[in-house]
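Colleague: I would like to learn how to read a structure like this one, feature by feature. Could you take me through it slowly, giving the general idea before each case?

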Amino acid sequence: ARQSNGRKEEKEKSQQEPPTRQRTKERRRERVLKMQALETYLEQLHSIGLAHFSDNVGDNDQDAAKRHWRHLNAREIIQDIKNVCFNEIPEDQLGICASLILGSEKNVLLFLQNSVVSQRQKETLKAREDVFVFLGELIGFLAKHGLVQNYVIDIKNTCIDVFRKEELNTAKVAAFAVLRGIFDLKSLLDLLDPSVLRVAQLSNVLLEEFGSSKCAPTVKSEILTMMGLLCDLFPDMLKEQASRVQSLFMTTLTMQFKSKKPDMSLIKGSLEGLTLFLNKFAGDFSATPTNVSSLFGFVRNGLVLLPGLTRFSIPIATCKLLQHHSAV
């Protein structure tokens, strides 16, 4: 009887709580549920990974994952994670959200690193591409709240590691978009010691990949643009590589403009990369007269509108080069 009366008193007490206190409790409960949902989505993403590629877990874990993964769709899970992060988490909980997505035991970076080891399942190939797109959006979103700097190095290292092992070109291009997102945020770079970014090592990896016979033109285009960006942002660190990078732009443009079937993506990447490169190395470039005359030819060819042209990326890139470096 006393227990019954006690429960009755607690119920009456809860009903008598001020509305503001009840709303506060409801908001706290909702926040807990959102975080639990986020953890569940990350676990589901990794469970798909276990069924697809893991060689480092026990047989029981793999069997359990294989029984459940068919009921899950990696791309839908990633969309659910994006929805919770961007639309449902209050601002004061974004730090915890970032920690779960980027720093927990089931974070998306670990999914990228593990899933790229085996690429037999198309589902995880496309999922990696979606994760890279999400990361690009997440970096800008968290940067506005000062919450991304603790994860930048891990994100950058993961992008490079997956890029070197990845076979899907669209995923490689998506990885570059994430790297561009990092290096385009000046406010973020100001908070970091440039040495921890290992820019020289990154440039060596990119140049090595560019020379690979397996490297697709679309990926080479991204490398050219990225090399120009790195030279623009870190000229002191890349002084020794500047001449090699410059030669890469000039050789690529010369070959493509002379070709009967030029690759538009390579021309675009070279023009964009060269525009960025000249921001810091215009003096060295113009010191060689042949460079200037060659550049004039590239600009003239880049402004020509070819018959049947449906995209104007090359004329636009050429105009930007003229806008910034007409003095050269």
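Modeller: Let us begin with one cysteine, keeping in mind that this is a predicted model: Cys97 is buried, with a relative accessible area of 0%. Another cysteine, Cys159, also counts as buried, at 1% relative accessibility.

Colleague: How many disulfides does the model have by the distance rule, and how far is the sulfur of Cys97 from the closest cysteine sulfur?

Modeller: The general idea is that a disulfide is a covalent bond between the sulfur atoms of two cysteines. In this model the count comes to zero disulfides. For Cys97, the closest cysteine sulfur belongs to Cys85 and lies 3.6 Å away, which is too far for a bond, because the two sulfur atoms would have to be within 2.5 Å.

Colleague: Which secondary structure elements does the protein chain have, and how many of each?

Modeller: The protein chain has 16 helices and zero strands. Of its 328 residues, 42% count as buried, and among contacts with a separation of 6 or more, 72% are between residues 24 or more positions apart.

Colleague: What should I look for in the interior, and which residues touch the most other members of the largest nonpolar core?

Modeller: In soluble globular proteins, nonpolar side chains tend to be buried together. Here the largest nonpolar core has 90 residues, and those touching the most other members are Ile101, Leu102, Leu135, Leu230 and Leu274. Helix H14, residues 264–286, gives the most to this core, with ten residues. To follow one member in the viewer, take Leu274, which, leaving aside residues up to four places away in sequence, touches Phe249, Met250, Leu253, Phe285, Leu295 and Leu321.

Colleague: And on the outside, which residues make a nonpolar surface patch?

Modeller: Leu305, Phe312 and Ile316 make a nonpolar surface patch of about 310 Å². Ile316 lies in helix H16, which covers residues 313–325, and Ile316 is partly exposed, with a relative accessible area of 47%. For the whole protein chain, about 18300 Å² is exposed, and carbon and sulfur atoms supply 48% of that area.

Colleague: How many salt bridges are there, and are the partners Lys186 and Asp190 buried or exposed?

Modeller: A salt bridge is read from the distance between a side-chain nitrogen of Lys or Arg and a carboxyl oxygen of Asp or Glu, and by this rule the count comes to twelve. In the pair of Lys186 and Asp190, the closest N and O atoms are 3.4 Å apart; Lys186 is exposed at 60% relative accessibility, and Asp190 is exposed as well, at 54%. Another pair joins Glu129 to Lys126, with the closest N and O atoms 2.9 Å apart. Both of these residues lie in helix H7, residues 122–143, three residues apart, which is about one turn of the helix. Glu129 counts as buried at 18% relative accessibility, whereas Lys126 counts as partly exposed at 23%.

Colleague: What is unusual about the phi of Arg198, and where is Arg198 found?

Modeller: Most residues other than glycine have a negative phi, and most peptide bonds are trans. Arg198, however, has a positive phi of about 50 degrees although it is not a glycine. Arg198 is found in the loop between helix H10 (186–189) and helix H11 (199–210), and at 53% relative accessibility Arg198 counts as exposed.

Terms used
Residues numbered from 1 in each chain as written. Predicted model: local features only at pLDDT ≥ 70, side-chain atom pairs only at ≥ 80, totals over all residues. Heavy atoms only, no water. Patch = residues over 30% accessible without salt bridge, like charges linked within 9 Å, V, L, I, M, F, W, Y side chains within 5 Å. Areas by Shrake-Rupley, 256 points an atom, 1.4 Å probe, with all protein chains shown as cover. Salt bridge = Lys/Arg side-chain N within 4 Å of Asp/Glu carboxyl O. Helix = DSSP H or I, 4+ residues; strand = E, 2+ residues; numbered from the N terminus. Buried < 20%, exposed > 50% of the residue type's maximum accessible area, 1.4 Å probe, protein only. Contact = heavy atoms within 4.5 Å. Core = buried A, V, L, I, M, F, W, Y, C linked by side-chain atoms within 4.5 Å.
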